[in-house]
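This report describes how helices and chains meet in the structure shown below.

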Amino acid sequence: MTATAVAPPVARRRSPRASTRLTIGGAVLLGVLVLIAIAAPLLAPHDPETVIADQVLGAPSMEHPFGSDALGRDVLSRVMYGLRVSLLVALSSVVISTAIAVPLGLLAGYFGGWVDTTVSRVLDMILVLPALLLAITFIAILGPGSAVAALAIAVIYLPILARVMRSSTLVVTRNDYVLGARARGAGHLRILTSHVAPNALGPVIVQASILSAFALQLEAALSFLGLGTQPPTPSLGGMLSEGRDVLNQAPWVEIFPGLAIVLAVLSFTLLGEGLRRAFDPRGVAS
Amino acid sequence: MTALLSLSEVEVRFGGEDTANAVDRVDLDVHRGEIFGIVGESGCGKSTLANAIMGLLPDSAHVSGSARLDDREILGIGEKELRALRGDELSMVFQDASASLDPTWSVGDQIAETIRAHRTISGRKAKSRAIALMEEVGIPDAAGRYGDAPHRLSGGMRQRIVIAAALANQPKLLLADEPTTALDVTIQAQVLQLIRRLRDDHGTTVVLITHDLGVVAETCDRVGVMYAGQLVEVAATADLFAAPRHPYTRALLAASPSVRTESRRLATIPGQVPGPAEQVPGCRFQPRCPRRVEQCSVTPARVPLGLTSAACWNPEPLPAAVAEGLR
Amino acid sequence: MSSRLQFVLRRLLLTIPVLFVMSIIVFLIIRLVPGDPVRTMLGFRATDENVEQVRRELGLDQSWLTQYLDWAGGLLRGDLGTDIVSRADLGELLAQRLPVTFELAGLAMLLAVLIGVPLGVRAATGGKWTKRLTEGFVVFGVSIPDFWLGIMLVLVFAATLAIFPPSGYLPFAVDPIENLRYVALPVLTLAIGEAAYILRTTRSAVASVMNRPFVSFLRAKGLSERRIVGGHALRNAAPAIVTVIGIQVGVLLGGAIIVETLFALPGVGRMVVTAINQRNYPTVQVGVLAIAAIFILVSLLTDLIVGWLDPRVSDGAAT
């Protein structure tokens with residue numbers, strides 16, 4: 001027994017309350033943002049695409065709290081609608097990716113052998129290119145747009161999520177209750193759906209919520225490059241790109257959409273970090 | 001004989017006032033040039049005591065009392081003084097040698113590093129001194145193995161390297177915390193032999209911490225028995241085995257396969273060691289003790305009892321044969 | 001043969017299939033475009049003759065195997081093809097663009113390491129306030145998208161304080177000082193996010209080393225905390241830090257695409273984005289190929305460095 005072993009190991013870990021606070025903080029922030037996004041048509045004071053000639057680059061005022069852009073459009077309303085598009089693309093990309101990765105990782109982890117080798121090798125190919133470059137390549141082929149951006153982001157995350165599912169499946173499969181079910185003569189499908197999958201999903205959900213933060217940044221980056229959501233549909237990244245030329249005269253056109261992205265990314269990061277500390281203290285998902 | 005290390009009322013506590021002491025009022029003199037064994041079950045506080053002497057406990061530990069090395073106080077002194085002491089006059093060897101060496105440094109450099117931490121000496125001289133030390137602890141082809149990474153050596157060889165590094169500056173006192181537990185039995189014997197030989201050659205005083213009474217019997221001149229943080233009995237090794245006076249010592253000897261004394265069957269001690277949150281007043285062994293008396297809720301001092309000294313209000317009787325010899 | 005040499009050779013051989021897969025992906029870019037890629041490229045006003053001529057020029061009228069062999073053979077000979085819009089030789093174009101991207105990414109990574117590693121060590125070994133401040137920096141660096149950070153830097157340092165130009169580029173060879181003024185904001189933009197990741201990795205790697213038993217032995221040998229951290233903890237944490245730096249080069253290259261567009265730097269990333277918007281597929285291919293090749297080579301280099309830093313890896317021993 002050494003000095004380090006004497007100190008209670010629990011003291012070094014963060015208290016469960018800290019992780020709960022993080023999760024709740026992230027969830028509340030995310031809830032508010034999602035609510036704003038869903039209720040944008042009701043909440044937005046103006047139409048996000050209506051051009052008002054005498055409001056070009058108007059400074060923030062009571063009428064336009066976030067000011068107005070180079071075409072005289074209300075920035076607050078555009079941020080609300082932009083949030084809608086950004087969250088939709090980010091979330092759907094993660095959902096698509098998870099939906100494909102879970103069965104792949106499950107099969108690879110449960111059956112092992114050639115199934116595992118094939119799945120792992122094919123997914124490894126995706127990792128040959130840096131993430132953003134892969135997304136851009138995808139868009140180069142299929143053409144720019146929100147749906148293609150969501151698909152491209154989904155493909156990038158496929159190997160990460162599948163790998164997490166695979167390793168947590170491996171852990172669960174070794175448990176006695178799975179061996180017991182097998183000994184009782186349960187079929188593979190039954191074991192997978194009622195014993196393995198429900199217990200192996202935790203780390204994947206944690207990882208998915210962490211990846212949502214990155215998905216949001218990626219969507220904004222692609223739209224900023226003109227490869228994601230196309231104008232005139234407002235998107236947060238697109239607004240930043242449009243406002244770049246008028247930065248000196250009207251910084252509000254750049255500041256508010258950027259803050260919205262930061263808040264959304266932060267909410268996912270907090271939620272993911274909190275969930276990770278709560279459900280995955282050993283860090284399988286990191 | 002004079003005491004090289006003198007402990008008085010050493011206490012260590014982790015956590016608040018309501019937690020039990022991990023080391024409880026330990027008084028002990030370790031004589032110059034002897035190998036002193038501290039034996040006890042895991043969790044009895046023997047490693048904590050060694051780490052307290054080295055000043056290696058985490059900041060969360062509350063340490064009190066006094067420890068004098070060569071009449072110099074070493075408990076509660078500043079980090080800088082402590083650093084000058086460690087690896088020079090005072091050294092320590094830990095249980096798992098594989099884990100004690102930095103895997104990215106060559107074994108030779110890790111010995112030379114200790115020398116250069118305390119002596120102003122050229123790199124070349126430190127290296128040749130390190131090679132000499134490697135030869136002394138019995139590493140074959142020492143010069144050739146100087147540059148090897150630790151994982152290229154066997155467990156026994158790694159423990160020899162650790163010992164060489166600990167002895168590099170000829171310390172007065174070596175604390176060896178379960179130095180052989182992680183090794184095979186044959187290698188274990190070789191390493192113990194090495195420790196004995198180094199003591200004989202250099203006069204280094206050794207405190208050997210172990211849970212293995214066989215190791216004590218084979219290596220130590222005197223031995224102290226610890227239970228739940230208290231040092232319950234101290235004696236010359238042969239005397240302790242022949243005439244244990246503390247009921248715990250006796251139970252421990254009866255439960256040990258390597259030095260079974262009386263009965264054929266291995267005995268077990270009923271009950272459990274108290275946890276850190278359990279406050280047992282007085283002698284901590286009393287809830288499990290077959291010889292408990294009323295006074296036991298007051299902590300007994302360790303008093304000389306014939307051949308040994310034990311902290312017990314109602315000590316075991318002296319075996320007849322031993323009593324005969326004493327007369 | 002020594003085990004180290006074997007390790008290097010094995011790692012070099014592993015790069016070949018990776019390069020092959022990458023070349024297939026890049027090759028497929030133009031072939032997978034829905035409909036007629038040449039028609040998409042040239043627009044609807046192009047004449048049928050024109051379309052046929054470009055199709056022949058790109059070899060799209062042949063079988064895919066012949067096409068791949070011709071294309072890959074051309075690459076190996078250094079023939080990268082021609083830009084459809086400007087008719088420029090793509091090899092020459094790339095030679096102009098690559099140094100800009102190298103300068104941007106290289107300086108950004110250097111700055112990120114110089115910020116991230118020392119702060120990470122501090123965060124692992126320091127007190128409560130050091131830990132809180134560095135944690136704040138990590139959350140800041142990870143949550144802020146680099147393009148928005150870049151815009152805010154322009155707002156402060158270019159628009160308001162006028163210390164640095166808001167966009168544009170001058171080659172180093174033409175005017176070193178002006179060159180550095182032009183790349184200062186782009187480099188800072190990229191470096192802050194990277195520094196946060198490197199800080200986080202360094203912090204956890206050093207902290208986990210400091211918990212290992214050999215650190216107790218180092219203390220027992222009388223070494224100062226400074227030497228333990230500098231000579232041993234950092235040395236043991238180095239493979240983990242280098243690995244993450246290698247992975248982060250991929251992220252940095254992605255970031256370079258954005259930052260080059262944001263600051264109008266004439267690098268490979270901006271070339272790719274412009275080419276995608278112009279449906280200029282051969283140029284897209286060359287740009288993607290170049291960035292992917294850099295990424296693969298950096299991964300190779302990273303693994304070799306890690307093998308050199310950690311003798312157990314190159315000895316093939318369990319870690």
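Helix H6 (residues 131-142) of chain A passes helix H9 (residues 188-224) of chain A in a right-handed crossing, the near helix being turned clockwise from the far one by less than a right angle. Helices are DSSP runs (H or I, at least four residues), strands likewise (E, at least two), numbered from the N terminus. The model is predicted: local features need pLDDT of at least 70, side-chain atom pairs count only at pLDDT 80 or more, and totals for chains, interfaces and linings use all residues. Residues are numbered from 1 along each chain as its sequence is written, while chains are lettered from A and ligands numbered from 1 in the order in which they are written.

The axes of H6(A) and H9(A) lie 11 Å apart at an angle of about 50 degrees. The two helices are therefore oblique to each other, a term for angles outside the ranges under 35, 65 to 115 and over 145 degrees. A:Leu132, A:Ala135 and A:Ile139 of H6(A) meet A:Leu218, A:Ala221 and A:Leu222 of H9(A), with C-beta atoms, placed from the backbone, within 7 Å counting as contact. Six nonpolar residues form this contact, with no polar and no charged ones.

Two contacts between chains follow.

| Side | Residues on the side | Partner residues | Top contributor |
|---|---|---|---|
| Chain C touching chain A | 37 residues | 35 residues from chain A | H10(C), seven residues |
| Chain B touching chain C | 24 residues | 18 residues from chain C | H4(B), three residues |

The side of chain C that touches chain A has 30 nonpolar, seven polar and no charged residues. On the side of chain B that touches chain C, twelve residues are nonpolar, seven polar and five charged. Ala, Val, Leu, Ile, Met, Phe, Trp, Tyr, Cys and Pro count as nonpolar, Asp, Glu, Lys and Arg as charged, and the others, Gly among them, as polar.

Note on methods
Axes fitted to C-alpha atoms, helices over the stretch in contact; angles between N-to-C directions. Contact = placed C-beta atoms within 7 Å.
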